[in-house]
Amino acid sequence: KDTLFYRDAEQLCMLERKNGHVEWCESFPLPQSPALLGDTVYAFNGNHKRIRAFSVDDGNLIGALDLSNLNYFSIDREILTSNEDLLFFSNGKDVYAFGY
């Protein structure tokens with residue numbers, strides 16, 4: 001509610017909406033579809049074969065999940081999203097839901 005996640009070709013960043021201050025940026029190739037669940041933001045890499053999890057507090061990498069898929073092109077798709085309780089993602093064949 002108070003933060004905004006944005007990306008460019010090389011990094012994912014968190015912006016504080018109230019004051020416009022960039023809180024943190026993490027570099028990785030072609031970050032796509034950032035989605036927030038609790039205190040963690042998740043983002044695909046450009047070819048949608050890895051989901052990275054970052055702490056909202058400091059941007060530190062918490063972990064990563066490697067997926068096998070048939071999507072060999074770097075395109076932006078809404079296949080990673082969240083609501084207040086669940087994270088949803090797809091590998092192009094199956095849809096997954098993750099929650100606490």
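## Disulfide, aromatic cluster and strands

A disulfide ties C13 to C25, with the two sulfurs 2.0 Å apart. This is a predicted model, and the disulfide count for it comes to 1. The torsion about the S-S bond is about 110 degrees, so the disulfide is right-handed. It links distant parts of the chain: C13 belongs to strand 2 (residues 11-16) and C25 to strand 3, 12 residues apart. How do the two ends compare in burial, buried or partly exposed? C13 is buried, at a relative accessible area of 0%, while C25 is partly exposed, at 31%.

Now for the rings. Searching the whole structure turns up 3 aromatic pairs. Two of them share W24, and here is how they look:

| Pair | Centre to centre | Angle between planes | Type |
|---|---|---|---|
| F5 and W24 | 6.1 Å | 55 degrees | tilted |
| W24 and F54 | 6.3 Å | 35 degrees | tilted |

Both pairs bridge distant parts of the chain. F5 is in strand 1 (residues 3-7) and W24 in strand 3 (residues 22-27), with 19 residues separating them. From W24 in strand 3 to F54 in strand 6 (residues 50-55), the separation is 30 residues. Burial is easy to sum up here: F5 and W24 are buried, and F54 is buried along with W24. Ring pairs join F5, W24, F28 and F54 into a cluster.

Next, the nonpolar packing. Which residues make up the largest nonpolar core? There are 10 of them: A35, L37, Y42, F44, I51, A53, L67, L80, L87 and F89. Strand 4 (32-37), strand 5 (40-44), strand 6 and strand 9 each give two or more residues to this core. Another core, of 9 residues, lies apart from it and includes L12, M14, W24 and F28. That puts W24 and F28 in this second core as well as in the ring cluster. Back in the largest core, take A53: leaving aside neighbours within four places in sequence, A53 is in contact with T40, V41, Y42, N60, L61, I62 and G63.

Strand 5 deserves a look of its own. Of its 5 residues, 5 are buried, so strand 5 is largely enclosed by the rest of the structure. Both faces are covered, with T40, Y42 and F44 buried on one side and V41 and A43 buried on the other. Strand 5 pairs antiparallel with strand 4 over 4 bridges, and Q32 sits opposite F44. These two strands form a hairpin with 2 residues between them, and G38 in the turn has a positive phi of about 65 degrees. Strand 5 also runs antiparallel to strand 6, joined to it by 5 bridges. There V41 stands opposite F54, the residue whose ring pairs with W24.

Finally, there is an open sheet of 3 strands, in the order 8-9-10 with antiparallel pairing. Why do strands 8 and 10 each have one side without a neighbour in the sheet? Strand 8 (80-82) and strand 10 (95-99) stand at the edges with a single partner strand each, so one side of each is left without a neighbour. From one strand to the next, the twist averages 20 degrees. Strand 9 (residues 86-90) and strand 10 pair over 5 bridges in the antiparallel sense. L87 has F98 in strand 10 as its bridge partner, and L87 is also one of the residues in the largest nonpolar core.

How values were computed: Residues numbered from 1 in each chain as written. Predicted model: local features only at pLDDT ≥ 70, side-chain atom pairs only at ≥ 80, totals over all residues. Heavy atoms only, no water. Pairing = 2+ DSSP bridges. Axes fitted to C-alpha atoms, helices over the stretch in contact; angles between N-to-C directions. Phe/Tyr/Trp six-rings, centres within 6.5 Å; stacked < 30°, edge-to-face > 60°. Buried < 20%, exposed > 50% of the residue type's maximum accessible area, 1.4 Å probe, protein only. Core = buried A, V, L, I, M, F, W, Y, C linked by side-chain atoms within 4.5 Å. Contact = heavy atoms within 4.5 Å. Disulfide = S-S within 2.5 Å.
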